[in-house]
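The following exercises are to be worked with the sequence and the coordinates at hand. Each task is followed by a solution in steps.

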Amino acid sequence: MIIVMKPRAKQDSILRIKNIIESHGLDAHISTGKQVTIIGVVGDKSKLQDLNLEIYEDVEKIVAVTESYKLANKKFHPDPSVVTVGNVKIGGGNFVIFSGPCAVESKDQLLATAHAIKKAGAHILRGGAYKPRTSPYSFQGLEEEGLKFMKEARDETGLPVVCEVTSLNAIEAAIKYVDMLQIGARNMQNFYLLKEAGKTGLPVLLKRGLSATIDEWLNAAEYIIAEGNPNVVLCERGIRTFETATRNTLDISAIPVIKEKSHLPIIVDPSHATGVRAYVKPLAKGALATGADGLMIETHPNPSCALSDGPQSLTFEQFENLTNELKPIADLIDRKL
Ligand code: PEP
Ligand code: MN
C-alpha cells in the first residue's frame with residue numbers, strides 16, 4: 001500500500017501519516033520526489049484497514065500494491081534510482097560498461113585487462129575470484145588472492161571493482177577489497193546470501209536467475225533493499241529456454257518490463273546470455289538501444305587460453321571496437337557513455 005501526498009504537502013502532514021503507520025507496528029518509507037512525496041507501507045496492512053487515511057490533511061490518494069515487492073516497486077519510488085559505485089553513477093541517463101575476465105587468473109592477466117578496458121572506455125572492472133562452476137573439476141577461482149589482485153587493479157587504474165560472492169565467507173573477504181558485490185544467477189534465490197549482502201551496505205549487482213521470472217527477480221532485490229540497502233543494480237544475463245543455439249536466451253524484453261515495474265537500474269550481460277563471442281556486439285547494441293543502463297562484457301588478454309568462458313570473451317581489440325560502435329548509438333538516444 002502506498003500513500004500519495006498532495007503536491008507541496010506540509011511536513012507535519014507527512015509525519016502525522018508516518019506516525020500513524022508506525023504506531024500500528026508497520027514500517028513507513030518516505031520517498032520525496034520532485035513533485036510529490038510518497039509513503040510506502042511495509043508490513044501487515046490489514047492492521048490499517050479500519051483507518052480511513054484518505055481523510056487526513058494533504059493525503060491525495062491511497063494506492064494498493066498487488067506485487068509482493070514494495071521497496072523495489074516503481075509505484076513506491078517513481079523516480080529512477082541512481083546507484084553509486086566508487087566514483088561511477090549507474091542509472092539516471094548514464095550508460096555504464098562493466099568489463100573484465102570471467103575469472104581472475106593471475107595478477108598480470110588482471111592488470112593487463114584492467115588497463116586495456118579502461119583505455120577502451122569501460123567504467124568498472126569485473127573479475128571472479130569465487131567461481132560457481134558447473135563441474136567441481138573446473139577452475140574454482142583464486143579466492144582471497146584474486147580479491148587482492150582486484151584491489152591492486154583498482155588502485156592502479158582508478159576503476160571501481162566488482163566480484164561475485166557465493167558464500168558468507170566470500171562476503172566477509174570481499175568487503176575488504178571490492179566496491180560492489182555480485183550475486184550470480186545461481187544464487188539469485190539464495191535468500192540468506194541476499195540478506196547478508198544487503199547488510200554490508202555495499203552496492204549489489206543482482207543477476208537474474210537461470211529460470212527466474214521478473215517477479216521472482218524483483219522479490220530477490222527486495223530481500224537486499226529490506227536490509228536497509230537500496231543500492232541494487234539488476235543484470236539480465238539470459239534465461240533458460242528450449243533454444244540450444246546460444247548458451248541462454250537474452251530476454252531483451254526484460255529491459256522495458258523492469259523499467260515499467262521498478263526504479264532500479266538494469267544492465268545487460270550479452271556474454272553469459274549467448275556464450276558466443278560473435279553475438280556479443282549485436283546484443284550489446286540492442287541493449288543500449290532498448291534502454292538498458294549499462295553492459296557487462298567479458299574480456300581476456302588471450303581468450304583461447306582462458307580458464308573459464310573463453311568462447312564468449314572478447315579480445316581487447318574486439319572490446320575497443322565494440323565501445324567505439326556504441327558511441328554513435330548512445331549519442332543518438334542521448335545517453336552519457
Ligand atoms: C559471471 O558473471 O561470472 C557469472 C558466473 O555469471 P552468471 O551468474 O550470470 O552465470
Ligand atoms: Mn563468465
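For the classes used below, Ala, Val, Leu, Ile, Met, Phe, Trp, Tyr, Cys and Pro count as nonpolar, Asp, Glu, Lys and Arg as charged, and the others, Gly among them, as polar. The model is predicted.

**Exercise 1.** Determine where the second largest pocket lies with respect to the domains, and describe its lining.

*Solution.*
Step 1. The chain is divided into domain 1 (2-63) and domain 2 (83-332), and their C-alpha centres are 37 Å apart.
Step 2. The second largest pocket holds about 210 Å³ of space. It is lined by 13 residues, of which Leu 71, His 77, Ile 225, Pro 230 and His 263 are the closest to its centre.
Step 3. Sorted by class, this lining has seven nonpolar residues, six polar residues and no charged ones.
Step 4. Strand β2 (residues 27-32) supplies the largest share of the lining, three residues.
Step 5. Both domain 1 and domain 2 give residues to the lining, so the second largest pocket lies between them.

**Exercise 2.** Describe the largest pocket by volume and by the classes of its lining residues.

*Solution.*
Step 1. The volume of the largest pocket is about 360 Å³. Its lining has 21 residues, and those closest to the centre are Pro 132, Arg 186, Arg 237, Arg 247 and His 272.
Step 2. The lining is made up of 10 charged, seven polar and four nonpolar residues.

**Exercise 3.** Identify the protein donors of the manganese ion (ligand 2), and decide whether His 272 and Glu 298 are buried or exposed.

*Solution.*
Step 1. Cys 102 (SG), His 272 (NE2), Glu 298 (OE) and Asp 309 (OD) are the donors, at 2.0 to 2.3 Å from the ion.
Step 2. Along the chain, the donors follow the spacing C-x169-H-x25-E-x10-D. His 272, in helix α8 (residues 270-274), and Glu 298, in strand β14 (residues 294-298), are 26 residues apart, and the pair links distant parts of the chain.
Step 3. The cut-off for buried is under 20% relative accessible area. His 272 has 9% relative accessibility and therefore counts as buried; Glu 298, at 0%, counts as buried.

**Exercise 4.** Find the buried residues of helix α5 (residues 191-200) and state what covers them.

*Solution.*
Step 1. Leu 193, Leu 194, Glu 196, Ala 197 and Gly 198 are buried in this helix.
Step 2. Their cover includes α4 (168-174), β10 (180-183), β11 (204-207) and α6 (214-225).
Step 3. After α5 comes Gly 201, with a positive phi near 80 degrees.

Definitions and conventions. Residues numbered from 1 in each chain as written. Chains lettered and ligands numbered in written order. Predicted model: local features only at pLDDT ≥ 70, side-chain atom pairs only at ≥ 80, totals over all residues. Heavy atoms only, no water. 1 Å grid on protein atoms, 1.4 Å probe; cavity = no way out; pocket = protein on both sides within 12 Å on 5 of 7 lines; lining within 4 Å. Points joined across faces, edges and corners; volume = space filled by probe spheres on them. Helix = DSSP H or I, 4+ residues; strand = E, 2+ residues; numbered from the N terminus. Domains from an automatic or database assignment. Buried < 20%, exposed > 50% of the residue type's maximum accessible area, 1.4 Å probe, protein only. Contact = heavy atoms within 4.5 Å. Donors = N, O, S within 2.8 Å, 3.2 Å for Na, K, Ca; no water.
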